[in-house]
Amino acid sequence: MVRKKPQPEVHSRATAGSPLRLARLLPLVIPLLAATPAHAINSTYAKQLERSGCTQVTELQGCDIRKSKAENAKAGFGNGAGPAPASAAPAEPAAATASTKTPYAGQWVATSADGRTVATIRIDAEERVWVNGKAVKTKRSDGALVFRSGKLQFTIQGDRRLQGEDVWNDFDAGTSGPIVTE
């Protein structure tokens, strides 16, 4: 005699994980979620923003929340204006002099292996960079100033004792060359 296993009972009501039960609870849960306050930033961070005169947007552009409003205004932030636009080039190129605070300031020329000019580079005292007259974004990497223009990447070493490390690269074409000061 073979015993049959008892079959589970089938209920017509919604079970715990069923879509019907979920559909009944959803209208009750949504108002609770909407009523909870959403705080994007904590109070300490908000106070730092207030004291520094920065906003979340200007902080991403370089405004330092650890500095005062006056220091950030000097750096071009404040009054909601944000930093000076990169396209606002100085009328004359900054010349590299002993009084310059940055080792990068001045006129530079990127040349090919056969001596042809690949690009002319201008860097001012605030380390704003123009390649062939067009403003480009820069970053620091291991003591060097690194920036791109099109497919070319330029690296100018901050330590002027290091020779031969101011170079440009076109990784697509596999070419590179030196960058020299004018």
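A charge sits over a ring if NZ of Lys or CZ of Arg is within 6 Å of the ring centre and within 35 degrees of the ring normal. Arg 122 fits the bill: this residue lies over the face of Trp 130, at 4.6 Å from the ring centre. The model here is predicted, so local features need pLDDT of at least 70 and side-chain atom pairs count only at pLDDT 80 or more, while totals for chains, interfaces and linings use all residues. Residues are numbered from 1 along each chain as its sequence is written, and side-chain values use heavy atoms, with hydrogens and water left out.

Now for the aromatic rings. A search of the whole structure turns up one aromatic pair (rings of Phe, Tyr and Trp, the last by its six-membered ring, with centres within 6.5 Å; planes under 30 degrees apart count as stacked, over 60 as edge-to-face and the rest as tilted). The rings of Phe 147 and Phe 154 have centres 5.3 Å apart and planes at 20°, so this pair is stacked. Phe 147 counts as buried because its relative accessibility is 2% (buried means under 20% relative accessible area, exposed over 50%, partly exposed in between, with a 1.4 Å probe and protein chains only). Phe 154 is buried too, at 0%.

Next comes helix α2, residues 43–52 (helices are DSSP runs of H or I, at least four residues, numbered from the N terminus). Its buried residues are Tyr 45, Leu 49 and Ser 52. They cover an arc of only 80° around the axis (taken from the directions from the helix axis to the C-beta atoms), so they sit on the same side of α2. The face turned away from that buried side carries the exposed Ser 43, Thr 44, Lys 47 and Glu 50.

Note on methods: Helices (H or I, at least four residues) and strands (E, at least two) are DSSP runs, numbered from the N terminus.
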